[in-house]
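Hello,

Here is the structure for you to look through. My notes follow below it.

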Amino acid sequence: ALCNGRKADSRNKRKIFLTKQQEPVSGGWSSGMGEHLVNTEVNAERIAAVESCFGPSGHPLAVPGRVLVGEGVLTKMCRKKPKARVFFLFNDVLVYGTVLVYRRRYTGQHLLPLDTVSVEDLPDSESQANRWLIKTRQKSFVVCAATAPEKADWLHHIADCVQRLLQRTGQQPCVLHAAPWIQDSVTDICMRCTHTRFSALVRRHHCRHCGFVVCRSCSKQRLVMPHLSAKPLRVCTLCYGQLVAARNAGGAGAGAGAG
């Protein structure tokens with residue numbers, strides 16, 4: 001099956017292409033979250049095509065009232081290195097996965113409910129352009145688009161979908177977000193003690209509260225952070241002290257993720 005019913009073309013991997021009927025709308029995005037496509041055959045076919053690309057390892061995506069608003073390939077800043085990931089924006093969820101064969105086979109599907117999602121613009125860095133931050137309750141990460149207009153489109157339409165969903169459901173915006181992990185390549189030394197140097201024998205670890213790259217000695221403590229996991233998670237010495245103090249004081253922000 002061909003995702004979105006289009007012939008695969010590697011030259012257009014990074015171009016955003018979105019749901020439409022006959023003629024493309026402004027910027028290639030479907031206006032109004034594609035509400036005119038609810039319960040239409042074309043929308044059902046496109047969602048089925050995405051399900052087919054993920055195969056049996058993916059979650060069912062055909063939900064009453066769900067519309068495929070847009071899709072495209074973005075660069076996700078992963079722990080080890082940047083990696084291409086395919087993203088699908090629906091009117092209630094953001095889905096992404098690993099590209100095996102573009103528009104034919106994807107794996108590693110992740111679903112991010114839009115009622116927990118917010119986006120934050122980021123300035124370009126020396127090595128990364130057109131960046132922004134996707135924040136959710138359980139996971140936050142930086143992505144990059146190929147062009148500035150593509151970035152602007154993603155920021156606008158994700159925010160629009162989130163706003164419309166919250167208005168429809170009467171929910172309040174999520175204010176508790178996980179901290180994005182700093183990439184391993186950013187530092188060769190522990191970001192807490194600043195003297196332990198990482199090597200093949202000295203592993204890097206990440207604090208689940210602040211996202212810093214830390215050594216084992218600076219991250220021996222574990223704490224339960226309910227918005228992330230029911231199990232105790234690794235935290236650095238600084239965050240551990242702050243979180244324990246806040247919990248002992250009955251602070252409302254105890255356990256809250258940075259960012």
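**Nonpolar cores**

The model is predicted. Its largest nonpolar core is made of 21 residues. Those with the most contacts inside this core are Phe-87, Leu-89, Leu-94, Leu-114, Trp-132, Ile-134 and Trp-154. At least two residues of the core come from each of these elements: the strands β2 (68-77), β3 (82-90), β4 (93-101), β7 (131-135) and β8 (140-144), and the helix α2 (148-169). The largest share belongs to α2, which gives seven residues.

There is also a second core, separate from this one, with 17 residues. Ala-178, Cys-190, Cys-210 and Leu-223 are among them. As background, nonpolar side chains in soluble globular proteins tend to be buried together.

**Strands β2, β3 and β4**

These three strands each supply at least two residues of the largest core, and they are worth following in order along the chain.

How do β2 and β3 run, and how many bridges join them? They are antiparallel, and nine bridges join them. One pair to look for is Gly-72 and its bridge partner in β3, Phe-87. Phe-87 is also one of the residues with the most contacts inside the largest core. The two strands form a hairpin, with four residues between them.

β3 also pairs with β4, again in the antiparallel sense, over five bridges. Here Arg-85 has Thr-98 in β4 as its bridge partner. β3 and β4 form a hairpin as well, with two residues between them.

Regards

Methods. Residues numbered from 1 in each chain as written. Predicted model: local features only at pLDDT ≥ 70, side-chain atom pairs only at ≥ 80, totals over all residues. Heavy atoms only, no water. Core = buried A, V, L, I, M, F, W, Y, C linked by side-chain atoms within 4.5 Å. Buried < 20%, exposed > 50% of the residue type's maximum accessible area, 1.4 Å probe, protein only. Pairing = 2+ DSSP bridges.
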